[in-house]
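Subject: Structure for you to look at

Hello,

Here is the structure I promised to pass on. Please open it beside this email and follow along.

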Amino acid sequence: MTDAFLRIENLTKNFGSFTALRDISLSVLEGEFVCFLGPSGCGKTTLLRAIAGLDIQTQGRVEQAGIDISVLPPSERDFGIVFQSYALFPNLTVEKNVAYGLESRRAARTEVTGRVNELLSLVDLADQGKKYPSQLSGGQQQRVALARALATSPGLLLLDEPLSALDAKVRTHLRQEIKQLQRRLAVTTIMVTHDQEEALTMADRIVVMNHGIIEQIGSPEDIYASPASEFVAQFIGTMNFINVVVASANQGTHQGGVLKFSQDNVSQGESARLAIRPEDVEILDKNNDENSDKVLGKVVSAEYLGAFLRVTIAPEDWESNLLADISTDIAAQFVIEAGGDVGFRLPPEKILAYQENK
Amino acid sequence: MAATEMQVREKASPLKAKSSSDDKLMRLFILVIGAYLVVALAMPLYAMLSKSVLNSDGGFVGLSNYFAYFKTPALVYSIKNSLFVGLVTTVITVSIAFVLAYGFTRSRMPGKPIFKTIAMIPILVPSLLPGIALIYLFGRQGIINWALFGHEIYGPIGIIISEVFFTLPHALIIIITALSIADARLYEAATALRASSTRIFFTVTLPGVRYGLISAGFVVFTLAVTDFGAPKVIGGDFNVLATDIYKQVIGQQNFEMGAVVSVVLLIPAALAFFVDRLVQKKQVALLSSRAVALEPKPSRRFDNGMLAYALVVSFFILGILGMCQFAALFKFFPYNLTLGLSNYQFDLMDGGGWDSYFNSIEMASYTAVFGTLIVFYGAYLVEKGKGLGVIRGAFQFLAMLPMAVPGLVLGLAYIFFFNMPSNPLNVLYHTMAILVISTITHFYTVSHLTATTALKQMDAQFESVAASLKQPFYRTFFRVTVPVCTPAILDISIYLFVNAMTTVSAVVFLYSPHTTLASVAVLNMDDAGDIAPAAAMGMMIFYTAAGVKILHYFLSRGIEAKTQAWRRSIEN
């Protein structure tokens, strides 16, 4: 494996007595697209600002391209940044905005113009150069900000919630565009977002954060399929949780009965939380007794969502309801309607187990 | 072992960011401007405070000056007089201003722009001017003195009328702002619930503007209590704190007692200021809600009533102004009604002649240019600078302080500080520079707030982006900050110019025979009995200030047109 391009070691940030980041360590590879994902207040933006040198960390080390940049001011680091507000200079045209970082580098005028044109066509705004930011749409402004950040060919691109000020349709479109651009330029990129869909679709690796710590680092598939903690499990995607007491290895009891699971990461005799995705719930024939782990319940509601049916089930004697996503063709084999009975099972190999946090 | 020890020590002290050359430069600049405020404000005030506990030989006497003060009934009586004038003026001005503002914001009366402009006129004249007009109108030979039914205009009546004239625009601006942030949806809801218009007024309108009214009240009170021009001209034997300071210092050369009275005057002004700051914070909270603008509906009776009211108020303002202009143009009003310019032969009178007029223009220009530079740059450094948190906090405090310091008090403080033989800065004494410095300082707060507001409206990330693009901060300052803030910068310079033209209070202690000022000339000519020339000079100040205002209007319009393409984004 190649050496990390950006290395963060034991980074801590305090605001007075409040700890915003606690002992964060992580590495980013060259050309990688990494997302910091988490709810607001989890410290993701604080971490980004520490990497940029805008708000320096209280403790810890930041290393970029083998150089210790821990205490350097932003102007002595090598990065481009796009903020949620874009921070485009309102009194300068699009061209001038993009050229802002180029002009004073004593580059020849024609060279600057060439580079600006190149960048503007890169973000598909070649004909908008003479306009002022206020004359552009939100999505266009966002791309100008991106072009400006990339103009000086920085080693690191930082994106601070770059899409959250846009409406849903533009956002989806820009997601792909940014991702493609990033791939083409192979620029190491860190994006902060609270939108899991954004992170799952764009990132090579996701850093899930909560309360100032890293909960999990992994590829989108890893994060979705095997969430390392209960927090990640409930933050990413939809998840059913069932509180149980671990009676014996791979068996949890709750008031609705016994549930088998194959993970063995929880200790016997303690309470645990079992988790399963709605799409992993298996619907069974309610009259067929072949399956020993069949559970019976009532259908509370069934929403038709195109490719699948989202069914809310109230299993007999359970504490809480269960969500099940059933593909439309499987659903067609059963009669699933609100108020009706239904049978299902939770495949043990699909169940995730988490020790209850005390 | 050593390594662990090192680690422990490292853990104990947080990392310190390495300062960029930008950071260092900005820190240097903030120290320079901070030093200006220390020298021009903090040290003179300290000199004044310490003077109040010294005897005339410079020996420390504790509070005995204060005891002497409170044992002199004539002086203590002034406290009561000042409070009386302040309270009555506050009630009258706020009432008049509220109704007028209500008409401007809630009626469809015609001619709003003209009436608004007329209502702003008092800002453009020295506070001495209404007093002079009142002498002509209601004085012993006044043309309509029967209207007072035998009461004397010299005294509280004259002072209060003058103060109402002088403070009206200040109250009006605040109350109009408060009324214009009203939320139309509240009125729609109240109407839908079938509340009567009286009930709507008391349950929706008044609560909505209560902070504005309180704020206006404090501003008016402070202005009326600390004003020196009106009581000087028309106060007669009715002594107030402001005239006491002047008399103690100029009349009796009793500087220590002047300092004591100053401290006494500082208390209500400072108190009003701090209460106002608290109230303003709440007002901001009201403002931030998402309101739908209220469109007044036409109502013939109400609109006509408001029009009549605006006409009366305008008549009062224009009457005062017109009286002065008439008196200035007639040879000896009301006895010799030959038209002529004899009252404009200022060189034949006390007060410095035409030179004082040109000195005033010079002084106002310097104040506008240097004041705007210092204030705007200072506000920029406080807003955008990094590090030096304590110093930036102290800077912010010093910038807010002049609002709480009456002009006379500041002027006296300057005498104490800049006239000290041991102070190397005493070379400034009796120069144009000290007039400019005192005026900039006197009007620092409002200018600073204007600049700060404009800077706060800018995206906070501009500087971060510029740093990531490795651009020095001054490049962003000149290419982005200044162009975006140009309207505010113009506002500040005009505000400083107009106030420098009209102010009397601080500079009255600081002018020299070579640096007489127009506003002080009004005072001195009036003092010498040359009332008509005083009126003439007062009107010269008005025309100059008004001319500059008009210039400003067209300049802003031009800039607006030129920058229209990009300014849209800032507005929405």
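Start at B:Cys324. Leaving aside neighbours within four places in sequence, B:Cys324 is in contact with B:Leu129, B:Ile132, B:Ala133, B:Ala535, B:Gly538 and B:Met539. Keep in mind that this is a predicted model.

B:Cys324 also belongs to the largest nonpolar core, which has 278 residues. Five members touch the most other members: B:Ala97, B:Ile175, B:Cys324, B:Leu412 and B:Met537. This core takes at least three residues from each of domain 1 and domain 2 of chain B.

**Helix α6 of chain B**

Three of the contacts of B:Cys324 are B:Leu129, B:Ile132 and B:Ala133. These three are among the buried residues of α6(B). Is this helix enclosed or open? α6(B) covers residues 128–138, and 11 of its 11 residues are buried, so the helix is largely enclosed by the rest of the structure. The buried set runs from B:Leu128 to B:Phe138, and includes B:Pro130, B:Gly131 and B:Tyr136. What do they pack against? The partners are α7 (156–180), α10 (229–234), α13 (300–329), α21 and α22 of chain B.

**The two domains of chain B**

The domain assignment splits chain B into domain 1 (11–51 + 346–564) and domain 2 (68–251 + 294–335). Their C-alpha centres lie 27 Å apart. Where they meet, 24 residues of domain 1 are in contact with 23 residues of domain 2.

Look at the domain 1 side of that contact. Four helices of chain B give two or more residues to this side: α16 (407–418), α20 (473–502), α21 (518–527) and α22 (531–562). Which one gives the largest share? α22(B) does, with 12 residues. By class, the domain 1 side has 18 nonpolar, four polar and two charged residues.

**Three spots in chain B**

First, B:Ala40. B:Ala40 sits in helix α2 of chain B. Buried or exposed? B:Ala40 counts as buried, because 26 C-beta neighbours lie inside 10 Å, and the cut-off for buried is 20 or more. Not counting residues up to four places away in sequence, B:Ala40 touches B:Ile437 and B:Thr441. B:Leu410 is 370 residues away from B:Ala40 along the chain, yet their C-alpha atoms are separated by 9.5 Å.

Next, B:Gln345. Find B:Gln345 in the loop between β2 and α14 (353–384) of chain B. B:Gln345 has 13 other C-beta atoms within 10 Å, so it is partly exposed. The C-alpha atoms of B:Gln345 and B:Met537 are separated by 10.0 Å, with these positions 192 residues apart along the chain. B:Met537 is one of the core members named above.

Then the hairpin. β1(B) and β2(B) form a hairpin with three residues between them. β1(B) covers residues 330–332 and β2(B) covers 336–339; they run antiparallel and two bridges join them. B:Phe330 stands opposite B:Leu339 in β2(B).

**Chain A**

Now move to chain A. Chain A has nine helices and 20 strands. Its C-alpha trace spans about 80 × 45 × 40 Å along its principal axes. Of its 358 residues, 41% count as buried. Among contacts in chain A with a separation of 6 or more, 64% are between residues 24 or more positions apart.

One sheet is worth tracing. This sheet is open, with four strands in the order β2-β1-β4-β5 (chain A) and antiparallel pairing. Which strands lie at the edges? The edge strands are β2 (18–28) and β5 (67–68) of chain A, and each pairs on one side only. Seven bridges join β1 (residues 6–15) of chain A to β2(A). A:Arg7 stands opposite A:Ser27 in β2(A). Helix α1 (residues 44–52) of chain A packs on this sheet and touches β1, β2 and β4 (59–64) of chain A. The direction of α1 makes about 65 degrees with that of β2(A).

**Where the chains meet**

How many residues does each chain give to the contact? Chain B gives 30 residues and chain A gives 30 residues. On the chain B side, α2 (21–51), α19 (462–468), α20 and α23 (564–571) each supply at least two residues. That side divides into 13 nonpolar, eight polar and nine charged residues.

Best wishes

Note on methods: Residues are numbered from 1 along each chain as its sequence is written. Chains are lettered from A and ligands numbered from 1 in the order in which they are written. This is a predicted model: local features need pLDDT of at least 70, side-chain atom pairs count only at pLDDT 80 or more; totals for chains, interfaces and linings use all residues. A nonpolar core is a set of buried Ala, Val, Leu, Ile, Met, Phe, Trp, Tyr and Cys residues joined through C-beta atoms within 7 Å. A residue is buried if 20 or more other C-beta atoms lie within 10 Å of its own, exposed if 12 or fewer, and partly exposed in between; C-beta atoms are placed from the backbone. Domain bounds come from an automatic or database domain assignment. Two residues are in contact if their C-beta atoms, placed from the backbone, lie within 7 Å. Ala, Val, Leu, Ile, Met, Phe, Trp, Tyr, Cys and Pro count as nonpolar, Asp, Glu, Lys and Arg as charged, and the others, Gly among them, as polar. Two strands pair if DSSP finds at least two bridges between them. Axes are lines fitted to C-alpha atoms, for helices over the stretch in contact, and angles run from 0 to 180 degrees between N-to-C directions.
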